[in-house]
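Please open the model in a viewer and follow the stops below in order. Each stop says what to select and then what is there.

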2 protein chains.
Amino acid sequence: MVNSKNILSSVEEKCVERGIRLTPRRRQVLDVLVQEEAALSAYEIAQRCNADSDNPMPAMSVYRILDFLQEQQFVHRLETANKYISCSHLSCAHEHLQPQFLICNSCRRVEEIDLSSSAVAAMASAASAAGFASISSQLEVNGLCDRCVHANA
Amino acid sequence: MVNSKNILSSVEEKCVERGIRLTPRRRQVLDVLVQEEAALSAYEIAQRCNADSDNPMPAMSVYRILDFLQEQQFVHRLETANKYISCSHLSCAHEHLQPQFLICNSCRRVEEIDLSSSAVAAMASAASAAGFASISSQLEVNGLCDRCVHANA
DNA sequence: TAAGATACGATACACTGTATCATTTAGTTG
DNA sequence: CAACTAAATGATACAGTGTATCGTATCTTA
């Protein structure tokens, strides 16, 4: 179980700094994502919000709130899966660059990683060889996490 | 203009080898994709098929045919865009590994590339550091191609 | 030719995301 | 505090995408 209270209060501070509002609705959506190791679709998020609250969360609001949370880099969107996951640096002070993700094909959990600069450089050089100038990329790499490998062994 | 006739007859041979059928419908879909430098959605493919034929191509058929063409590795699916593109190795004899793509954010054309083994190794090591065992990845990297960079300069 | 497998046509439908309206809430200013 | 403005939310309708399913046609093989 994640200690979402600390994380959320850290987010709260950032919102104050930036002069934006972490409304109850936004906090509710973010909380759902922080609790979750796997990525969730917008409609899955709405379901979880409705599970532990009598005030129904419309899917429309989820999309709007996700847009907001993405702009603030509090959540990331996995483009290959059309799902959302909370940023792993919510409690950190430093800004981070383009994120990269490892997605387990078995348990669906997601790890946010930082690629080494050599790997990025190798990709840039492959791109330039193929006639592409700049690249800016959010890599999403599928695989099997250690837990699942051992579980199936 | 691509010489789709040669490419398609090469595909035809492969189908004979594999004991599968390249029906007129399948050929029609593949032809549309071979002509196109950019990736197309299923519905866009259906539209192009209907543009130069009076026999309407239902979207349903396009999906089925795309499934087939993907299984045979004649086309690839860009997961970030939900679009399809013909394999760049249709005339080659050799099998190829997991493909990687560069996608131009301006003109939308797509290049299929082979990453250097060093880049792949660097990624594998980053993955293992994050607790992921095997990775198998179709990388889709967005950027700007040289043509568009020069055009906007 | 008959039987089975494969491919295709057609309809309905579920899911996802957007457009657009009204309504409420929060923040600001006189 | 009252009035105004902007931001956030509620609610409805709808477009686009992909799937399920059933029936029909075509090909293959005995």
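Which strands does helix α5 of chain B lie across? Keep that in mind while you look at the whole, which is a predicted model.

**Stop 1: helix α5 of chain B**

Select residues 117–129 of chain B, the helix α5. This helix lies across β3, β4 and β6 (140–145) of chain A, together with β5 of chain B. Against β5(B), helix α5 of chain B runs at about 150°.

**Stop 2: the sheet under that helix**

Now show β4(A), β3(A), β6(A) and β5(B), in that order: they form an open sheet of 4 strands with mixed pairing. The edges are taken by β4 (110–113) of chain A and β5 (132–135) of chain B; each has a single partner strand, so one side of each is left without a neighbour in the sheet. On average, neighbouring strands in this sheet are turned by 40° against each other, direction ignored.

Zoom in on residues 100–104 of chain A, which are strand β3. Strand β3 of chain A pairs with β4(A) in the antiparallel sense, over 4 bridges. For one position to click on, take Q100(A): the residue opposite, in β4(A), is I113(A).

**Stop 3: the other sheet**

Next, select β5(A), β6(B), β3(B) and β4(B), the strand order of another open sheet of 4 strands with mixed pairing. Here β5 (132–135) of chain A and β4 (110–113) of chain B are the edge strands, and each pairs on one side only. The average turn between neighbouring strands of this sheet is 40°, direction ignored.

Where does β5(A) find its partner in chain B? Strand β6, residues 140–145 of chain B, is joined to β5(A) by 2 bridges, and the two run antiparallel. Pick F132(A) and you will find C145(B), in β6(B), opposite.

Helix α5 of chain A, residues 117–129, lies across β5 of chain A as well as β3 (100–104), β4 and β6 of chain B. The angle between this helix and β5(A) is about 150°.

**Stop 4: one chain, then both**

Hide chain B for a moment. Chain A holds 6 helices and 6 strands. Read from the N terminus, its elements run α-α-α-α-β-β-β-β-α-β-β-α. Along the principal axes, the C-alpha atoms of chain A fill a box of roughly 55 × 45 × 30 Å.

Bring chain B back. A turn of 179°, with a shift of 0.0 Å along the axis, lays chain B on chain A with an RMSD of 0.1 Å. That is the relation of a two-fold axis. The same surface serves both copies, as 100% of the contact residues of chain B recur in chain A.

**Stop 5: the cavities**

How many cavities of 30 Å³ or more are there? The count comes to 4. The largest has a volume of about 100 Å³. Select K14(A), R18(A), Q73(A), H94(A) and H96(A): of the 13 residues that line the largest cavity, these are the closest to its centre. The lining of the largest cavity has 5 nonpolar, 5 polar and 3 charged residues.

The second largest cavity has a volume of about 80 Å³. To see its lining, select E79(A), T80(A), Q138(A), L139(A) and E140(A), then T80(B), Q138(B), L139(B) and E140(B). By class, the lining of the second largest cavity divides into 2 nonpolar, 4 polar and 3 charged residues.

Methods
Residues numbered from 1 in each chain as written. Chains lettered and ligands numbered in written order. Predicted model: local features only at pLDDT ≥ 70, side-chain atom pairs only at ≥ 80, totals over all residues. Heavy atoms only, no water. Least-squares fit on C-alpha atoms with pLDDT ≥ 70 in both. Contact = heavy atoms within 4.5 Å. 1 Å grid on protein atoms, 1.4 Å probe; cavity = no way out; pocket = protein on both sides within 12 Å on 5 of 7 lines; lining within 4 Å. Points joined across faces, edges and corners; volume = space filled by probe spheres on them. Nonpolar A, V, L, I, M, F, W, Y, C, P; charged D, E, K, R; others polar. Pairing = 2+ DSSP bridges. Axes fitted to C-alpha atoms, helices over the stretch in contact; angles between N-to-C directions.
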